[in-house]
Amino acid sequence: MVTSADPDTADLGRYRERCRSWLAATPIPEVPLDLTERFRVLRGWQRTLHDGGWTGIAWSRAAGGQGLSHRHQLVFSEELARARAPQPIGLIGLDVVGPSIDRFGTHRQRTELLPRLLSGADIWCQGFSEPDAGSDLASLRTRAEPDGDHFVVTGQKVWTSWAHLASWCAMLVRTDPDAPGSRGISYLLVDMSTPGIETRPLTQMTGDQEFCEVFLDEVRVPRENLVGGLHQGWPIARHTLGTERAAYTLRRRVEYEVALRDAIAELSACGTLDADPHRAHRVRSAVGRSHVALRVLEARTRGTIDRLAADTGPVPADSVDKLLLNDVEQQVYGSIGDLLGPLRATPAGRPLGLDPARWAHDHLYSRAASIYGGTSQIQRTIIAERLLGLPRD
């Protein structure tokens, strides 16, 4: 939630210099390959960022944030990526569910949960998707039945990032089984240490186990953990998803820029390109396509920043951002992966000057871009119906 006036160019310039100075003076952690160790290191890094005043930049001061603008957040994201510094581990809390708790939560929820979310003391996951309710989220079947001052929650979630290491989950549940579609859905905050919760990590094709299945067997959740009104969870869910799409567009664009620059530097340092005109042409073509895609995304983010600054809330145009972000991520990492071809499986060495382990991992992970946060097909449907006004039939 924006709490300050739109900054001028000079103010942003001074802020950028502050970011650069702080990052230059702060030890940047190495990110381990082991997922559990990576989680630990990045959690500590989030605490470092929080202590330095670099988390919740565009959050309200009442929620523990810095009370600045989304343009300030973008400046810091740019400088973080350009310093080759990692993102904090708690992005699901910082960028996705935290803003919804700030806007729709009770005073107790905001004051007790958000400070720990910002510092990384508590890591959050997002319990939306289910085995039969991914793209069609309104068909979810996890039930929450009233029982005195609690809800009793039973069901299953899937593709829940970091669920096995998270402290809390923002979860969509069906509280009125007779209401059609999204009308009977509520938004609950679930303590992941509650009895009856089982998490099972899923191995992705990258080899990581970031995603999880979550099984809930008569899990008792206090009624005071309900966000918004009973059966009123769908508008909050839409806010969460819209915030996710906008925030990730701003953060990820700069990461793609830095990745492409790294690839260009590695390729340029490899003398074999000078002796192989055909391969050099392929490299120039791949880099050129990625560069054009990034310039398009950069132009698009100007409108995204304007919407965030105006605090209009989620709009159908967020789906344009998400769709374009998918395409750019797959373009950048796919182009580098295609250049390596079968050499990406090389266990050692640096073919074409590139690190095959890094680029193979990022290429494989990029395939999920058109699925997570709402599939590309769903984004196109939203654009068609809500932005262009096209009929369903």
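This note sets out numbered points on helix packing and on selected residues in a predicted model.

1. Helices H6 and H7. Helix H6 spans residues 233-268 and helix H7 spans residues 277-310; their axes come within 10 Å and cross at roughly 155 degrees. Because an angle over 145 degrees counts as roughly antiparallel, H6 is roughly antiparallel to H7. The crossing of the two helices is left-handed. On the H6 side, the contact is made by Ala-246, Thr-249, Leu-250, Arg-253, Tyr-256, Glu-257, Leu-260, Ile-264 and Leu-267. On the H7 side, the contributing residues include Val-283, Val-287, Ser-290, His-291, Leu-294 and Arg-295, and further along the helix Thr-301, Thr-304, Ile-305 and Leu-308. By residue class, the contact of H6 with H7 divides into 12 nonpolar, 5 polar and 4 charged residues.

2. Helices H6 and H8. The axes of H6 and H8 come within 9 Å and cross at roughly 20 degrees. An angle under 35 degrees counts as roughly parallel, and H6 and H8 are therefore roughly parallel to each other. H6 passes H8 in a left-handed crossing. From H6, the residues in this contact include Gly-242, Arg-245, Ala-246, Tyr-248, Thr-249, Arg-252, Arg-253 and Tyr-256. From H8, they include Asp-318, Asp-321, Lys-322, Leu-325, Val-328, Glu-329, Val-332 and Tyr-333. The contact of H6 with H8 comprises 12 nonpolar, 3 polar and 8 charged residues. Ala-246 of H6, listed here, is also listed in the contact with H7; Tyr-256 likewise appears in the contact with H8 and in that with H7.

3. Helices H4 and H5. Helix H4 (residues 91-104) packs against helix H5 (residues 107-119) at an angle of about 170 degrees, with the axes 10 Å apart. The two helices are therefore roughly antiparallel to each other, and their crossing is left-handed. H4 contributes Gly-93, Leu-94, Gly-98, Ile-101 and Asp-102 to the contact, while H5 contributes Gln-109, Arg-110, Leu-114, Leu-117 and Leu-118. These residues divide into 5 nonpolar, 3 polar and 2 charged.

4. Thr-243. This residue is found in helix H6. Its relative accessible area is 16%, and since the cut-off for buried is under 20%, Thr-243 is classed as buried. The side chain of Thr-243 reaches the backbone oxygen of His-239 at 2.8 Å. Leaving aside neighbours within four places in sequence, Thr-243 is in contact with Asp-95, Val-96 and Pro-99.

5. Arg-38. Arg-38 lies in helix H2 and is buried, with a relative accessible area of 16%. When residues up to four places away in sequence are not counted, Arg-38 touches Val-31, Pro-32, Leu-33 and Asp-208.

6. Ser-69. The loop between helix H2 (35-51) and helix H3 (70-82) holds Ser-69. Ser-69 is buried, at a relative accessible area of 4%. A polar atom of the Ser-69 side chain lies 3.2 Å from the backbone nitrogen of Arg-71. The C-alpha atoms of Ser-69 and Trp-22 are separated by 19 Å, the two residues being 47 residues apart along the chain.

7. Positive phi values. Glu-218 is not a glycine, yet has a positive phi of about 50 degrees. Glu-218 is placed in strand E7 (residues 211-222) and counts as exposed, with 55% relative accessibility. Leu-352, another residue other than glycine, has a positive phi near 60 degrees. Leu-352 is found in the loop between helix H8 (317-340) and helix H9 (356-366). In contrast to the exposed Glu-218, Leu-352 is buried, with a relative accessible area of 8%. A reviewer may wish to view both sites in the structure.

8. Ala-25. Ala-25 is placed in helix H1 (residues 9-25). The residue is exposed, with a relative accessible area of 65%. Ala-25 and Gly-155 are 130 residues apart in sequence, and their C-alpha atoms are 48 Å apart in space.

How values were computed. Residues numbered from 1 in each chain as written. Predicted model: local features only at pLDDT ≥ 70, side-chain atom pairs only at ≥ 80, totals over all residues. Heavy atoms only, no water. Helix = DSSP H or I, 4+ residues; strand = E, 2+ residues; numbered from the N terminus. Buried < 20%, exposed > 50% of the residue type's maximum accessible area, 1.4 Å probe, protein only. Polar contact = N/O pair within 3.5 Å; in protein donor to acceptor, adjacent residues only side chain to side chain. Axes fitted to C-alpha atoms, helices over the stretch in contact; angles between N-to-C directions. Parallel < 35°, antiparallel > 145°, perpendicular 65-115°, else oblique. Left-handed = near helix turned anticlockwise from the far one by under 90°. Contact = heavy atoms within 4.5 Å. Nonpolar A, V, L, I, M, F, W, Y, C, P; charged D, E, K, R; others polar.
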